[in-house]
Amino acid sequence: MSELSIMKEDRLAVDDLRAREARDVIGGAIFLSDLDLSHPLAFGYDRKLLPSHRDTAIRLATPENPVASVARYVADAPVKSGYVSPARQAELAGSPMLVAERMGDGSVILMTDNPNFRGAYLGTNRLLLNGLFLSKAFSSPRTQGGAHYRP
């Protein structure tokens, strides 16, 4: 293969790039999560299934700590409203939406969704408030060796 043909194959026009990226963008969709009602960050919730607004393609890794995933997207059809490409849906199904870990004397709380999106989701803003006020109300479980999980 000549150098000229390699250069042509590796090149992508800007218009083609925009079209390719647009296929997997999440412009705004409602996702359904399975919330661990026994976790302190779920204080005040009485329903296990929680809808939330998502407008990012960020995917949280599943933590080693077995209780750190406070909320996970449901594995079967997590998108309730809006367009999300089939590839992106498959990638996000069953992944964590809210992860809470103890680190040193504090806590690290990660959310992929915006719980206060335009003030429209009054049911999810409690997650943010619980994260602020109850961030030390949970601890890391012990491993089989007796040490605490550390991220």
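## Asn 65, Asp 113 and the H4 packing

The side chain of Asn 65 reaches the side chain of Glu 101 in a polar contact of 3.2 Å. That's a handy way into this predicted model, a chain with four helices and six strands. Read from the N terminus, the elements go α-α-β-β-β-β-α-β-β-α. Below is a quick tour, from the whole chain down to single residues.

**The chain overall**

- The chain has 151 residues, and 33% of them count as buried.
- Take the contacts with a separation of 6 or more: 67% of them join residues 24 or more positions apart.
- If you're after surface numbers, the accessible surface is about 9,500 Å², with carbon and sulfur atoms making up 54% of it.

**Asn 65, a buried loop residue**

- Asn 65 belongs to the loop that links E2 and strand E3 (69-73).
- Is Asn 65 buried or exposed? Its relative accessible area is 5%, and buried means under 20%, so Asn 65 is buried.
- Its partner in the polar contact, as noted at the top, is the side chain of Glu 101.

**Asp 113 and its surroundings**

- Asp 113 sits in the loop running from strand E6 (106-111) to helix H4 (125-133).
- Despite being a loop residue, Asp 113 counts as buried, because its relative accessibility is 7% and the cut-off is 20%.
- Which side chains does the Asp 113 side chain meet in polar contacts? One is that of Ser 52, at 2.4 Å, and another is that of Tyr 73, at 2.5 Å.
- Setting aside neighbours within four places in sequence, the residues in contact with Asp 113 are Ser 52, His 53, Arg 54, Tyr 73 and Met 97.

**Helix H4: one side in, the other side out**

- Three residues of H4 are buried, namely Leu 127, Asn 130 and Gly 131.
- Why do these end up on the same side of H4? Because the arc they cover around the axis is only 105 degrees.
- The general background is that an α-helix has 3.6 residues a turn, so residues three or four places apart point the same way.
- Leu 132 and Phe 133 lie on the other side of H4, and they are exposed.
- What do the buried residues of H4 pack against? The list is strand E1 (29-35), strand E2 (49-54), strand E5 (96-103) and E6.

**Rings and charges**

- The count of aromatic pairs comes to one.
- The charged end of Arg 54 is placed over the ring of Phe 31, with 5.6 Å to the ring centre. Arg 54 also turns up among the contacts of Asp 113.
- Another arginine, Arg 126, lies over the face of Tyr 45, and here the distance to the ring centre is 5.3 Å.

**Gly 28, between H2 and E1**

- You'll find Gly 28 in the loop that joins helix H2 (14-22) to E1.
- Gly 28 is partly exposed, because its relative accessible area is 31%, in between the 20% and 50% cut-offs.
- How far apart in space are Gly 28 and Ser 81? They're 8.9 Å apart, C-alpha to C-alpha, with their positions 53 residues apart in sequence.
- Not counting residues up to four places away in sequence, Gly 28 touches His 53, Arg 54, Asp 55 and Gly 82. Two of those names, His 53 and Arg 54, are also in contact with Asp 113.

Definitions and conventions
Residues are numbered from 1 along each chain as its sequence is written. This is a predicted model: local features need pLDDT of at least 70, side-chain atom pairs count only at pLDDT 80 or more; totals for chains, interfaces and linings use all residues. Side-chain values use heavy atoms; hydrogens and water are left out. Helices (H or I, at least four residues) and strands (E, at least two) are DSSP runs, numbered from the N terminus. Buried means under 20% relative accessible area, exposed over 50%, partly exposed in between (1.4 Å probe, protein chains only). Contact means heavy atoms within 4.5 Å. Accessible areas come from the Shrake-Rupley method with a 1.4 Å probe; for residues, only the protein chains shown count as cover. A polar contact is a pair of N or O atoms within 3.5 Å; within protein, one must be able to donate a hydrogen and the other to accept it, and residues adjacent in sequence count only if both atoms are side-chain atoms. The arc is that of the directions from the helix axis to the C-beta atoms. Rings of Phe, Tyr and Trp (its six-membered ring) pair if their centres lie within 6.5 Å; planes under 30 degrees apart count as stacked, over 60 as edge-to-face and the rest as tilted. A charge sits over a ring if NZ of Lys or CZ of Arg is within 6 Å of the ring centre and within 35 degrees of the ring normal.
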